Amino acid sequence: MKSRSTLATWLGSLDGSRLVRVLGARQDAVSPPEPRSLRELADRLQRPGSVALVLPRLALPHLQVAEALAAMGVPASRDALVKLLGAVDDATTRELDAVLEALADHALVWPDGAGQLRMTGPLRQAWDTPLGLDAPLEELLAGTTSDELRGMLLTLGVKPPGAKPHRLAALVEHHSDPEQITSVVAKAPETARKLLDRLARAATRQPQFVVSGFPGPDLEPGARWALDRGLLIQDRHRYGPARMPAEVAFALRGAGWHAPFEPFPPCPRSASVTPTETDREASAAATAFITHAASVLAACSATAPARLKSGGIGARELARIGKAAQADDAVVRITLETSYAAGLLGRDGDRVSPTKAYDAWAEQEPPEQFAVLLQAWHNLPLTPTQARDEDNRALPAVAGAPPCGGCVQARLGLLAAAAQLPAGQGARVASELGPLIAWHRPLADSSPQDGTPFAAVIREAELLGVLARGALSALGIHLRTGDTEGLSVECQRLVPSATAVARIGADLTAVVTGTPSARLTALLDSVADRETSGTASVWRFSAGGIRRALDAGRVSEDITADLAAVAGGPLPQPLSYLIADTARGHGRVRIAPAACVIHGDEPALLAELAAHRGLAKLGLRQLAPTVLISRSPIDTTLAALRAEGYAPVAETAEGTVRIEKARPQRAAAPVPTPRGSSARGNGRTAVAVPRAKAPAAVDPKTLANQLLAAPPTTAEPAPFDGGVPFATDTEEIVAGWAKRLPYSDIRQLAHAIDAGQAITVEYVAASGKQTVRALSRLALDPPYLEAWCHLREAERVFTLSRIHSVMPE
């Protein structure tokens, strides 16, 4: 409550404009209704969910300063923070003040009345071990007995006081002096010095498990010496390694050690670029993309892509769509994901089909179409061009993967990083923006491809024209600011309208410069085959394409007239000849559906059958005076003709008369005599085979009474179903994330995590493939499980919700 009180006091001291800045920075955390008092506002800013919304948007120096304050413990003075970060020059100090100002604008860190810096509680809890430091000594010694404290003080050469609180205070006072710590460690054995130095400088530690919570014979060399002096503390209440207090780690790192602080962003190699050059390249990229996107969705409209059993569109369907639309895999994936997010595509059973919204979108002009897909890409909770998972397996598209906040932050980080480049400058190599993105959004998902961080999101931005010549285009500027109206205006300026005219040449090609209109695309697709797409699209006419239009019910005169209308004049003579020649030979041979054929030597009889009303259900049709075809099977036709008094006969496939002779029915062959028994008269004694006793008849009423009287065998409900409480905290954490596991599997997995045992799990990867993995060295990091995968012989991260069953190793 003291922290909330100081936050409320600080908020009350702000002027109106500064308070508006704080509220504006936290608009996603402070929801209506409006707070009725500063105390209520302070309580809202203390909620953990509020901090979780802000942290991903903070730049690297903001997180570094917040982590340093979390390691120091609050309240802390600004001078102590400056010393810890090593901010010695004026430029670094000014940047530090700007970072503190930004954290204050988010109500994460603020100064109290005494000039001390304070921070919100949930922000302190964001780090388990800030700067690689464990808890303070006083917290680690909470469960230590008075005799143990006395032994540590005597070993250190300090006279122990009488009461436990005084002994604890004396030990804390001793360890708070870095010079005394270094003096004690200087006299330590070499093994203890090496152990303490390694633990003090390690940013992270892999979990190690001991047999029990008490120090045992399996301690590392030198640990016993450090435990006796309070330089390491053994946790008695849970499994784990000996822990080093924060005061000891600070002292052993030395006075020259400073917490990492990078106030200045990295500078990629730059090159001069003019707005005209940026607009030209962005226009070309956006025009090519929307042309390919329209082709991709048209291919999906013609043949809806099939979904995998595990969900999503697989690699085979993606390749088919890409081939039909003349587009590469990246464009196909971006188009499918953005269209699905915009509601242009939807799941329809085992397929992904265009929706009614697609029909309206297809009638729009390319600038409007592009604005819809670009806005959807900006808000997309995934990286659509990420085609491989951590095991290098192909990932399906439109698979409905869980939202990825880090992917959104990567996209926002790219826009922020490119916006910070000097005016008239762009990155010489676009991939060099990766470190700058990491500086602006340290918590973003880098999705490295070929070892280059953020390569996927940079490539997507270039394909969409958001990034051009290494600089942010006008599209990217309005996308970053969220100006929807301005973005629509820029799309109208940079993306040309659809072209309704084609240049048809004597080489039987139709060339369309720019983006063809929906009507022109439909016309050319119906009579020709597309060869290329992009800034200019090319269709080639052939007899097969013309025949395809004739098969669809069109006539040659209509085809010629429609093509002449889009060509703006008469068609070239070769194309006119091709249409006329193809139409002349079209339909000279016809194929009719038939289940069987009726023929005979009497034309009058077959004409009578064709006109008979009682045989209308057979679907008879006369092809010649002596030939009829029937749409019904041969046996059905035979039965109907015989029912009307005719005497037809059936023929075989070879043309001979089929003999309809019923074979007499016979019983199956007798069961052979069992081996070991003898026939009569063979002089051998027959072996008696005992017969199985027939089951005794059971009275239904008696059986019902027995069933009703039987005790219930209902399984004991799980804790989340109202049963007994969880046995351990690990069980409760695993149960909260592994929703597919029964309670027995949850207990088995939690025990394996706590005891450090190997386990076998049935796991469903992001690609949908089900595998069985043998895991060891388990480490719980909700919602993930880090472990050594014996199948891959490497460290892997597994999502708890994808574990479907657990088996012992």
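Strand E19 (residues 784-789) pairs with E20 in the antiparallel sense, and six bridges hold the match. In this predicted model, one place to see that pairing is Trp-788, which stands opposite Glu-795 in E20. Step back and you will find that both strands belong to an open sheet of five, ordered E20-E19-E18-E17-E21, with antiparallel pairing. At its edges are strand E20 (794-799) and strand E21 (803-808); each has a single partner strand, so one side of each is left without a neighbour in the sheet. On average, neighbouring strands here are turned by 45 degrees against each other, direction ignored.

A helix joins the picture too. Helix H34 (residues 743-755) packs on this sheet and touches strand E17 (759-764), strand E18 (770-781), E19 and E21. The direction of H34 makes about 65 degrees with that of E21.

Now let us turn to the aromatic rings. A search of the whole structure finds four aromatic pairs. Take Phe-289 and Phe-370: their ring centres are 6.3 Å apart and their planes stand at 70 degrees, so the pair is edge-to-face. Phe-289 lies in helix H16 (residues 275-302) and Phe-370 in helix H20 (residues 366-378), so the pair ties together parts that are 81 residues apart in sequence. Are these two rings buried or exposed? Phe-289 is buried, with a relative accessible area of 3%, and Phe-370 counts as buried at 0%.

Another of the pairs takes us back to the five-stranded sheet. The rings of Tyr-763 and Phe-798 have centres 5.1 Å apart and planes at 85 degrees, so this pair is edge-to-face. Tyr-763 sits in strand E17 and Phe-798 in strand E20, so to speak of distant parts of the chain being linked is fair: they are 35 residues apart. Both Tyr-763 and Phe-798 are buried.

Elsewhere, two helices meet. The axes of helix H12 (residues 178-186) and helix H15 (residues 246-253) come within 9 Å and cross at roughly 75 degrees; H12 and H15 are therefore roughly perpendicular to each other. On the H12 side the contact involves Pro-178, Ile-181, Thr-182 and Val-185, which meet Val-248, Ala-251 and Leu-252 in H15. Those residues divide into six nonpolar, one polar and no charged.

Finally, look at another open sheet, with three strands in the order E1-E3-E2 and antiparallel pairing. Strand E1 (76-77) and strand E2 (109-111) are its edge strands, each pairing on one side only. Three bridges join E2 to the antiparallel strand E3 (residues 116-119), where Arg-118 is the bridge partner of Trp-110.

Note on methods: Residues numbered from 1 in each chain as written. Predicted model: local features only at pLDDT ≥ 70, side-chain atom pairs only at ≥ 80, totals over all residues. Heavy atoms only, no water. Pairing = 2+ DSSP bridges. Helix = DSSP H or I, 4+ residues; strand = E, 2+ residues; numbered from the N terminus. Axes fitted to C-alpha atoms, helices over the stretch in contact; angles between N-to-C directions. Contact = heavy atoms within 4.5 Å. Parallel < 35°, antiparallel > 145°, perpendicular 65-115°, else oblique. Nonpolar A, V, L, I, M, F, W, Y, C, P; charged D, E, K, R; others polar. Phe/Tyr/Trp six-rings, centres within 6.5 Å; stacked < 30°, edge-to-face > 60°. Buried < 20%, exposed > 50% of the residue type's maximum accessible area, 1.4 Å probe, protein only.
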